[in-house]
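Please open the model in your viewer and keep the sequence panel beside it. The tour below suggests what to select at each stop and says what is found there.

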Amino acid sequence: NICFSVESSASPATARNILRDSVQFLVRLPSIAINMSALINAPKVCLLEPNAALSPLLQEILRNCERRNTRCDRPLVNFIMNLLSMDPQYELFMETVSADRRNHDDFVEACCNLLADDRSPTLITLRMQCFFLDNFFDKEEIVEKHARNLQAKTFALTKEIIDNDVITKDEQDEVFNKVILDIVMNMGLGNPDCKEVMAETMRALNSVMSRSDKAKFVTLDRKDRLMALKDIREIVAGIRIFNKHSGNTANGMADLPKIIDQSHESTKSILQITLCEIMDKVNLLTSALNAAIAYDLRNRSIITLLPENITADDFDTIKDLLTMYRQHEVYTRKLIDELAIIKLSIDSCKQEYEAKLLRIHEAVQYRTAIPTDRVFPKFSELTRVWLQFQNFIFLLSEMNQISNTLTLLMERCASFDDLAYRLLGESQIQTDVDRLNKVSSKRFILPDPKNCEIVPYEENMQARENDSFVLYFHCMQLLKFCLWHLAEGKGLLMPGSTELGVCRVQKEHYLFNIPEPVTFFDEDPNKYFFKIVETARKKIQLICLLNMYDKVQSSYNAPRSEGFQMRITTTCDQEVQTDLHPVPSNIDREYRWNVWDYRREAIRLANIRTKRTTSVQTVESSRALPKSTQIYLGKQQTTQTRVSRSTETEQRRQVGLKVIEPSAPSPLKVYALTLAQTSRSAFNKNGER
């Protein structure tokens, strides 16, 4: 243990600097002989998603937990069920042996017992694993999540800007007041309630857009107005950032590069201090367990020597407690590695930020008027770098949140320090480095190797990380813990020594703590592999810690040591060419095997008869479709009036009588002519009387 002492006359800042330098010195120690920065390759989908075959048992577990007043989260229950179901004793997935009700009851009881004690190291370790697998951040996903949240908050404001029709000058000014608010909120330029922030943004906007530009902006359609709004955001934000860097007024704008540096240092210090606290517990527990064991090399076993006031259950509790702290160590080191990667990106982004500011300064230093359009893209590029700074802040915030959650989970665990010190006795607390230095002068010796090969340790045996998972092929197995201690000690975590050499079996590399067990392992490797798998079935928290999911799952059909053989996952590149359509397909899309489908269809068709079809055309669809109007073309029309007709009878000759033609017109004709003349004289040309 190392104690930090600071003089009382020292200032708080000096004390913090001394503490930070001391912590950095401790963390720079040789990785405690165990490189735990690699993330465990636990199949996230297989462990966290519910198993459909276990769904009936899930409901029964939830009912039993509710009956016992046990608080349990459904994702955690699924996680525990998926791990426990890989134990063949429950016969849940056996094809040759039918699972009876008794095994189901035992499985439900085992899950409920794990969930019962909320302060046990085993359950807390499982909670940490479930939380980390589900919440370990993806950088791109966090950035997209923040963008979606910000867009949701400003959606109503953006919609008002691009949808409203503007006619008068007052309406135009109101729209651009909303534009200024939109720029401040989306670009993170300050507090929108501050009048100085809004006024300075207005001045930057006026330097970009004239009155005619504003009038043209409000006449654009919805899509073009949205694209123009995005360009205006970037240019105006870039002008404000440049004004702040140039020493002009930039009220309310935060200095993001400085804030990011402070946040990084704070996060780094917190993670390093957390790691030091974890290693203090790890060294205590490892030393206590090491003091309570002895090696019986003649019988090829490990003997447990417990004091009078320590029971076997207490010894198992200390082992589970060590597993919990080792798991916390793995995740903390993973966060430290991710923080180092983020730091490299931050430094690269800062260099780009300074370079773009310098280019803009060179472009505008000899100008007295508004920059030309050739300079505007430079402001947009500066804004994009500014947004990257904001993304780094969200990443650091997410990392702090994960670290705090893991620490809170650790604080739930009951304290077993008194039990560890009683188990330690008069022995001294040693670090992993001190413990491994005792065997640094020894080497593995196999005069006649049968199944193993001794190779020297190389740096390329470390885990090679990919973006989404970690490849553990041709790398150190069991997280550099001693294989023999895990097998014979039933989950005893002792760091292996790379100085002794590396034991290669079936292209996988294993470490040991002492050189003698290598001979035992060379005779029958599968025997020790089975013991480790059997231990992982009982202590399911070891499956994720040691990255043994694939091995435990592949060995499900070997519940006993006889005939057990560890399967090594191998991959190869292979191409298969098949016929496009070897069998002609005949798929009837209208086929229904269920008669109720036909009944539902008949009911739907019957209901359509009582419905009325209506349609609505939206603004978006009106632009997407061509519009046309159908009219009736004009045509010439005539009106045909009635034609006076008369009926002429057949002229007949009268015999014996002579027809005498009247010399004067008949009285009827005289009356008709008189009436026509009277009508024409009664009205003038305009139709007036």
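Axes here are lines fitted to C-alpha atoms, for helices over the stretch in contact, and angles run from 0 to 180 degrees between N-to-C directions; helices (H or I, at least four residues) and strands (E, at least two) are DSSP runs, numbered from the N terminus. This is a predicted model, in which local features need pLDDT of at least 70 and side-chain atom pairs count only at pLDDT 80 or more, while totals for chains, interfaces and linings use all residues. Residues are numbered from 1 along each chain as its sequence is written, and side-chain values use heavy atoms, with hydrogens and water left out.

Select first helix 8 (residues 155–163) and helix 9 (residues 169–187), whose axes come within 10 Å and cross at roughly 145°. Contact (heavy atoms within 4.5 Å) is made by Leu-157, Thr-158, Glu-160 and Ile-161 of helix 8, and on helix 9 by residues including Val-175, Leu-181 and Met-185.

Next, select strands 3, 6 and 7, which form an open antiparallel sheet in the order 3-6-7, two strands being paired if DSSP finds at least two bridges between them. The edges are strand 3 (453–455) and strand 7 (508–510), each pairing on one side only. Three bridges join strand 3 to strand 6 (residues 502–505), and Ile-454 stands opposite Cys-503 in strand 6.

Finally, select Ile-61, which touches Val-77, Met-81, Phe-107, Val-108, Cys-111, Cys-112 and Leu-115, not counting residues up to four places away in sequence.
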